[in-house]
Amino acid sequence: MAYVTGDLTIGIDIMKCELPQGETVEGYMNTLSGFLTTFEWRQLEKHIEDQASAIEHLYKYWTAKEAYAKALGIGLGFDFTRIECRWQSDDSATPSITVDGAVLQGWEFRGVHWTNDGHGYLCMAAICWGTSDETRVSWTELDEHTEWVQNIDVFSLLARAHPLTN
């Protein structure tokens with residue numbers, strides 16, 4: 001579940017860093033290759049031998065692309081090959097996100113990684129501030145200082161909920 005207070009254009013995507021049941025890394029990456037640019041695909045190929053690393057890198061691209069498309073109100077109807085993500089861990093000096101070859105301006109992409117019950121998760125929020133000539137991209141680990149996202153179970157959620165009637 002996600003919510004925003006205020007008047008922001010925002011898209012959020014969350015992925016569990018695991019292969020779908022019955023898939024291999026190579027097969028799954030080939031299935032999703034039509035959503036990646038040539039640059040992104042080359043970066044993923046560097047991690048093909050390490051399943052966990054390959055899936056995490058794939059989902060970093062995927063969550064950024066889907067969060068952006070959701071912020072536009074389009075979602076999976078957007079051609080993800082129009083979006084190219086370059087992270088600092090790639091062959092890129094600084095992270096950037098381009099659409100149709102042009103660097104996005106006025107956006108912030110906040111990514112967070114965490115582990116819960118032995119499973120890894122990635123969350124990306126794409127926020128349109130519209131007031132800047134630059135786009136900021138950041139990745140962090142979820143900890144007690146991460147204010148913009150929280151990992152809570154349903155019981156904690158219910159405990160925080162306000163009753164609809166008295």
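**Notebook: helix 2, the small sheet, salt bridges**

I started with helix 2 (residues 38–45), where Phe-39, Glu-40, Gln-43 and Leu-44 are buried; buried means under 20% relative accessible area, exposed over 50%, partly exposed in between (1.4 Å probe, protein chains only). They span an arc of only 135 degrees around the axis, so they sit on the same side of helix 2. That arc is taken from the directions from the helix axis to the C-beta atoms. Helices (H or I, at least four residues) and strands (E, at least two) are DSSP runs, numbered from the N terminus.

Note to self on the source: this is a predicted model, where local features need pLDDT of at least 70 and side-chain atom pairs count only at pLDDT 80 or more, while totals for chains, interfaces and linings use all residues. Residues are numbered from 1 along each chain as its sequence is written, and side-chain values use heavy atoms, with hydrogens and water left out.

What covers the buried residues of helix 2? I found helix 1 (25–32), helix 3 and strand 2 among the covering elements, with contact meaning heavy atoms within 4.5 Å.

Next I looked up the sheet. It is open, has 3 strands in the order 2-3-4, and pairs antiparallel; two strands pair if DSSP finds at least two bridges between them. Strand 2 (83–86) and strand 4 (102–103) are the edges, each with a single partner strand, so one side of each has no neighbour in the sheet. Strand 2 is joined to strand 3 (residues 96–99) by 4 bridges, and Ile-83 stands opposite Val-99 in strand 3. Helix 3 (residues 51–71) packs on the sheet, touching strand 2 and strand 3, and its direction makes about 135 degrees with that of strand 2. Axes here are lines fitted to C-alpha atoms, for helices over the stretch in contact, and angles run from 0 to 180 degrees between N-to-C directions.

Then salt bridges (a side-chain nitrogen of Lys or Arg within 4 Å of a carboxyl oxygen of Asp or Glu). I get 9 in the structure.

- Glu-66 pairs with Lys-70, closest N and O atoms 3.7 Å apart. They are 4 residues apart in helix 3, about one helical turn. Glu-66 is buried at 11%, whereas Lys-70 is partly exposed at 36%.
- Arg-136 pairs with Glu-108 at 3.0 Å between the closest N and O atoms. This one links distant parts of the chain, strand 7 (residues 136–141) and strand 5 (residues 107–116), 28 residues apart. Arg-136 is partly exposed at 40%; Glu-108 is buried at 8%.

Last entry: salt bridges with shared partners join Asp-13, Glu-66 and Lys-70 into one network.
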